[in-house]
Amino acid sequence: TLGVADAWLLDLASGEETRLTHDTTKLSGITWHPGGERLVFSSNRAGGVYGLWEIGADGGALRRWSVLPEAEFPRFAREREVLVFEQWQSAVALRAYDVASGTETALPASTRWDFWPALSPDGEWLAFVSDRSGAAELWLSRADGREPRRLTQMQGPFVQQPAWARDGRALLFAAPLDGQFDAFRIDVASGRLERLTHSAEDERFPGPASDGEGIVFSRRTGNGWVALERDGTGRETVLVEDAFRLVSDSGGRWHYFSHADRDGLWRRPAAGGEPQRVAAGLRPVDAGSWQLARGHVIFVERIDPDAPKLVWLDAETLEETHRLPLAPFYYRAGLTVSSDGRQLIYGVLESEESDLFLYADGTL
């Protein structure tokens, strides 16, 4: 599951596996201490910020190293207490594109990641995910990025894929609170958080059902992913057997969906029938980067990996009406389109760099 890991020990002679940590948060590198009795690993278990932690090979209490925050991928020398680790610094920022004029504007950015944008139905508000507070949390601002405020305090679990309720009063999103992704709803005004799913499997991409009352979401199964709808009573109905992300159009005519493991954007009538391929150029890596807006299907086409394009298709004819080069578009940053189709907000990788640090004899 994305962003969920723990440290385990495998005895090569017996094949016995021992779980050393029970954090179900991110783990970014692990190394043996030269003495062979301890392990040092990188984790964001403390409020979402990466740091180095130590644990005995037989488990026991964890001890935090006060070396340097944001330390990842540690590696000890074989016979000396000398440690090398990486420190990554990167920033993803949001940009707004006006479809009519073709002009692009940078939204106010933090020095960290601002991604997964979602414009409210009335176009006044922007929800997005940011790790500016340490962990990836859900934030809310004006549509132009002003007046940001944090909505969630997950403190580590990787918040993803916010989607607005059709009345604009709440946001739906996914987060791995207990080691697997579940669907959540948060009231924008009060901040009241409600957990919507409790199964032992991952549930991703929650969104409003076409009637505005229930929700649609995808659940991992032994055979892949299945798209479901849950009504107000909690009753679940399978919409599409093989779908990683599903969005129903506002008129309730079509279910649009993409796959986790193969190219293409598809749709099938809500009343039942055979699936129809809408576009071939959507890659699985861009599963979160397509939208429906004002009679159009809008998706990222990545035929050339280094030159992605955003394509508008007429929902009735499936003919292309607009194309925008997205050279700096970052696949994990997501995109959103206003309900009138006039504004696009998407994430770009502004910077990414890393340094190596050496820690020996108590000196960095």
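**Entry 1: the cavity**

I looked up the largest cavity in this predicted model and found about 30 Å³ of space in it. The search returned 1 cavity of 30 Å³ or more. I listed its lining as A5, D6, T21, D23, T25, K26, L27, F41 and S43. By class, I noted 3 nonpolar, 3 polar and 3 charged residues in that lining. I recorded the reason for such a search: a probe the size of a water molecule, rolled over the atoms, shows where empty space is left.

**Entry 2: the second largest pocket**

I turned next to the open sites. For the second largest pocket I obtained a volume of about 770 Å³. I counted 26 lining residues, and those nearest the centre are K26, Y50, E72, W113 and R332. K26 had already appeared in my list for the largest cavity. I asked which strands supply at least two residues each to this lining. They are β3 (27–32), β7 and β8 (82–98). Of the contributors, β8 gives the most, with 3 residues. I divided the lining into 11 nonpolar, 8 polar and 7 charged residues.

**Entry 3: F73 on strand β7**

I then examined strand β7, which covers residues 71–76 and contains F73. The backbone of F73 drew my attention, as its phi is positive, about 50 degrees, although F73 is not a glycine. I checked its accessibility and found F73 partly exposed, with a relative accessible area of 39%.

**Entry 4: F205 on strand β18**

I looked up a further positive phi at F205, a residue other than glycine, where the angle is near 50 degrees. F205 lies in strand β18, residues 203–208. Is F205 buried or exposed? I found 5% relative accessibility; buried means under 20%, so F205 counts as buried.

**Entry 5: the largest pocket**

Strand β18 led me to the largest pocket, as β18 supplies at least two residues of its lining. I noted a volume of about 970 Å³ for this pocket. Of the 43 residues that line the largest pocket, I recorded R166, V247, S248, Q291 and L292 as the closest to its centre. Besides β18, the strands that each give at least two lining residues are β10, β14 (160–164), β22 (245–248), β23 (254–258), β26 (290–293), β27 (296–301) and β30 (335–337). I classed the lining as 23 nonpolar, 13 polar and 7 charged residues.

**Entry 6: the nonpolar cores**

I looked up the largest nonpolar core and counted 27 residues in it. F115, L138, L171 and F173 are the members that touch the most others. I traced the elements that give two or more residues to this core: β10 (114–119), β11 (125–130), β12 (137–142), β15 (170–175) and β16 (182–187). Strand β10 is thus listed for this core and also for the lining of the largest pocket.

What does L138 contact beyond its neighbours within four places in sequence? I found A127, F128, V129, R150, L151, T152, V159, P162, L171, F173 and I186. L171 and F173 in this list are also among the core members that touch the most others. I located another core, apart from the largest, with 15 residues, among them Y97, A293, L335 and V337.

**Entry 7: two loop residues**

I looked up S338 and placed it in the loop between β30 and β31 (343–360). At 8% relative accessibility, S338 counts as buried. Leaving aside its neighbours within four places in sequence, I found S338 in contact with L119, A293 and Q343. A293 is one of the residues of the 15-residue core.

I placed D304 in the loop between β27 and β28 (309–314). D304 is partly exposed, with a relative accessible area of 40%. I computed 9.6 Å from D304 to G281, C-alpha to C-alpha, for a pair that is 23 residues apart in sequence.

**Entry 8: the whole protein**

I closed with the overall figures. The protein has 0 helices and 31 strands. I found that 49% of its 364 residues count as buried. Among contacts between residues at least 6 apart in sequence, 35% join residues at least 24 apart. The C-alpha atoms fill a box of roughly 65 × 45 × 45 Å along the principal axes. I compared the radius of gyration, 22 Å, with the value near 21 Å for a compact globule of 364 residues, and the two agree.

Conventions
Residues are numbered from 1 along each chain as its sequence is written. This is a predicted model: local features need pLDDT of at least 70, side-chain atom pairs count only at pLDDT 80 or more; totals for chains, interfaces and linings use all residues. Side-chain values use heavy atoms; hydrogens and water are left out. A nonpolar core is a set of buried Ala, Val, Leu, Ile, Met, Phe, Trp, Tyr and Cys residues joined through side-chain atoms within 4.5 Å. Buried means under 20% relative accessible area, exposed over 50%, partly exposed in between (1.4 Å probe, protein chains only). Helices (H or I, at least four residues) and strands (E, at least two) are DSSP runs, numbered from the N terminus. Contact means heavy atoms within 4.5 Å. On a 1 Å grid over the protein atoms alone, a cavity is a set of points where a 1.4 Å probe fits but cannot get out, and a pocket is an open set with protein on both sides within 12 Å along at least five of seven lines; lining residues have an atom within 4 Å of a point. Grid points are joined across faces, edges and corners, and a volume is the space filled by probe spheres set on the points. Ala, Val, Leu, Ile, Met, Phe, Trp, Tyr, Cys and Pro count as nonpolar, Asp, Glu, Lys and Arg as charged, and the others, Gly among them, as polar. The radius of gyration is taken over C-alpha atoms; the globule rule is 2.2 Å times the number of residues to the power 0.38.
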